[in-house]
Amino acid sequence: MAASSAQSSPPCSTFPPGNHCRNLFMIDRASDAWGAQRELVGRPARVIINVATALAYMVAYLGLREASNDQWYLPAGLRFAALLITPYRLWPALFVGDAAAVVSYRWSMIPDFGWAYYVCSSVAAWPVAALIVRQARRVNERPTVNKPTDAIVLLVAGLLCAELVSLTNKAMVAWLKLGGGEMVYGDLFVYSLGHVQGIILAVFALILGVDFLERRRMGEDFALHSLLAVSLCIWLYAMVEVTGPHDAAALMAYRLCLLVPAVALTLRHGWRGTALGAIAANVALFGTIPHQEAGQADGSALLMQEAFAFVSASLFVLGSRNHAGGHVTAPGAAADSDMHRHTREQFESHERRQRETALRAEALQRDSRDQLGPLVTLLRKSGQAEAAMSLVGMAHTQSSHFGRTVVDSIYPLTLERLGLFAALESEAFAANFGETAHKMDLTGSAHAMSLEAKLAAYRVLGEAVEQLVAYAPRHVSIRIHCSAKPDGRGMISMALRAVDTTVIARSSSQTAQLAQLRNRVMAYGGSLHNRARRIRMIVLDEPVEARVCEAANAPERANVHRLRETTLTP
């Protein structure tokens, strides 16, 4: 449920200190492919972004087409990958760019094929691919591989896209060509195989890039093994060039050897090794295919491409199975996991101590309020009922104020009792802003998430606010979205932005605090990105299966988890 409305509000300067200053102006909202809530920019900026996206796509399409042939068609991979990674709001720009690219190079075909084919074939391929990718993104919104099902979905979607787009193009020729045409199924196989090769290369490159951006590091062993695999592919390609295409047996043997690095990388590094090895092998294979004019095909190369496509897809599924099962782990990943677990336990131990302090303060306040009972009774017996009621009301007001400010500033008991969104609306959290006005947009539901994850989000959000308030902005805009990942883990996405800042430079203490904030976020399996007075954070909930497995594998940690569950549970 959204916690903000679209009503108009007066300027920030008219709000008293400590007020939330919400809903400063009308702002559109949209969820991007990464699950975070983003502000949509104004109409002129949206037009510029869409035009730039369409132009960039068209230029990339035409450039990749020049580097392709019928049986190795890279624009098909560009179309598929762009639909996978681009937010839905930019899909119209992709359609315009795709249609503009196809229209530009098919202009010369009008005299032979006619206007009907020219118009329909220029816009028919993209909707088919978009429909397939839309269904794939419903299964896995982000182009990542966390389990074998993710790999299978990507491969099946890519295969369907290649086959149906090729079938659509050939059907257009058969039905709309000027003077009539026919369905040539041999050409259909060549075209669809070329689309499959282009899609495999694009998907593998895309998921490798997304994985690298998330991990922000590449293992030394993986880098070394990748360099050796690429070097071996280059050497085999050189041997093919020396052998020449006249020795068919040697040529086929060298081409098959190009798959050896992909197999080795898969067994050592899972699907990441498959992706990099398959890219290197397919590019080297393409280098061995002689230049072809339109409509020509190399029979022996087609046979090799069939083998490469089948082996690459099989290795990709096998690599995702190994990665999901834990048989293939990057060096240092276990150490990083242990470090983050230890850091998380330290944070939670500190929170337990803070909670005990807050409960003691609340108990002291409750005892002091209860001690007024005899005095209230005496006033009533003396006929001072009005004074007694006034004393009771004053005590209740002070007790409530003490709980909302002092107690919650020590530990957010409101979060335990009323939830994350109520804690973010409390006076204790509003104190982080000081005199700075702010507005908050809360969407989703955090009730299903663990108390640890909600508490971590509350703490990191407070620290991030302090970071942005130090720049003396006119106001701070915050968007928080609670959702669930495809694997069932809860996710809290937080996007903060300081508007019209006065201070430009960042102090050394702020840099140190930002590093501490990043460590806290990473301890909960999340990520933090900051740029240009903006901070974006994601905190992930710990899956229940991981807790059970961890307690079974490490009995000494079972007491820690039981203590965490019993102590922090309201």
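User: I'd like to learn how to read this structure. Is A472 buried, partly exposed or exposed?

Analyst: Happy to help, and please keep in mind that this is a predicted model. A residue counts as buried under 20% relative accessible area and as exposed over 50%, with partly exposed in between. A472 has a relative accessibility of 33%, so it counts as partly exposed.

User: Where does A472 lie?

Analyst: A472 is in the loop that links α19, residues 451-469, to β4. Its backbone is worth a look too.

User: What sign does the phi of A472 have?

Analyst: First, the general idea: most residues other than glycine have a negative phi. A472 is not a glycine, yet its phi is positive, at about 55°. D500 is another case: it is not a glycine either, and its phi is also positive, about 55°. You will find D500 in the loop between β5 (490-499) and α20 (508-523).

User: Let's step back to the whole chain. How many helices and strands are there?

Analyst: The chain has 22 helices and 7 strands. It holds 570 residues, of which 45% count as buried. You can also ask how far apart in sequence the touching residues are. Among contacts with a separation of 6 or more, 74% are between residues 24 or more positions apart.

User: How are the strands of the open sheet ordered?

Analyst: In general, strands of a sheet pair through backbone hydrogen bonds, either parallel or antiparallel. Here an open sheet of 5 strands runs in the order β3-β4-β5-β7-β6, and its pairing is mixed. At the edges are β3 (437-444) and β6 (527-531), each of which pairs on one side only. From one strand to the next, the twist averages 10°.

User: In what sense do β4 and β5 pair, and over how many bridges?

Analyst: They pair in the antiparallel sense, over 10 bridges. On the other side of β5, 7 bridges join it to β7, again running antiparallel. To follow one bridge in each pair, start at H481, whose partner in β5 is S493. Then go to R497, whose partner in β7 is R534.

User: Why is β5 described as largely enclosed?

Analyst: Count its buried residues: 9 of the 10 residues of β5 are buried, so the rest of the structure largely encloses this strand. Helices also lie across the sheet. α19 lies across β4, β5 and β7 (534-540), running at about 10° to β5. α20 lies across β6 and β7 and runs at about 150° to β6.

User: Can we zoom in on one residue of the sheet? Which side chain does H481 join in a polar contact?

Analyst: The partner is T443, and the polar contact between the two side chains is 2.8 Å. H481 belongs to strand β4, residues 475-484. With 14% relative accessibility, H481 counts as buried, because the cut-off is under 20%.

User: Now the helices. At what angle do the axes of α3 and α5 cross?

Analyst: A helix pair can be described by how near the axes come, the angle and the handedness. The axes of α3 (residues 91-105) and α5 (residues 115-139) come within 9 Å and cross at roughly 145°. The crossing is right-handed. Among the residues making the contact are W91, L94 and F95 of α3 and Y118, W126 and R137 of α5. Sorted by type, the contact residues are 12 nonpolar, 2 polar and 3 charged.

User: Which residues does A81 touch, leaving out those up to four places away in sequence?

Analyst: They are A202 and L206. A81 itself sits in helix α2, residues 74-85. Its relative accessible area is 12%, so A81 is buried. This residue also shows how the fold brings distant parts of the sequence together: A81 and I199 are 118 residues apart in sequence, but 7.6 Å apart in space, C-alpha to C-alpha.

User: Where is V210 found, and is it buried or exposed?

Analyst: V210 is found in helix α7, residues 185-215. With a relative accessible area of 6%, V210 is buried. V210 and R142 are 68 residues apart in sequence and 9.0 Å apart in space, C-alpha to C-alpha.

Note on methods. Residues are numbered from 1 along each chain as its sequence is written. This is a predicted model: local features need pLDDT of at least 70, side-chain atom pairs count only at pLDDT 80 or more; totals for chains, interfaces and linings use all residues. Side-chain values use heavy atoms; hydrogens and water are left out. Helices (H or I, at least four residues) and strands (E, at least two) are DSSP runs, numbered from the N terminus. Buried means under 20% relative accessible area, exposed over 50%, partly exposed in between (1.4 Å probe, protein chains only). A polar contact is a pair of N or O atoms within 3.5 Å; within protein, one must be able to donate a hydrogen and the other to accept it, and residues adjacent in sequence count only if both atoms are side-chain atoms. Contact means heavy atoms within 4.5 Å. Axes are lines fitted to C-alpha atoms, for helices over the stretch in contact, and angles run from 0 to 180 degrees between N-to-C directions. A crossing is left-handed if the near helix is turned anticlockwise from the far one by less than a right angle, and right-handed if clockwise. Ala, Val, Leu, Ile, Met, Phe, Trp, Tyr, Cys and Pro count as nonpolar, Asp, Glu, Lys and Arg as charged, and the others, Gly among them, as polar. Two strands pair if DSSP finds at least two bridges between them.
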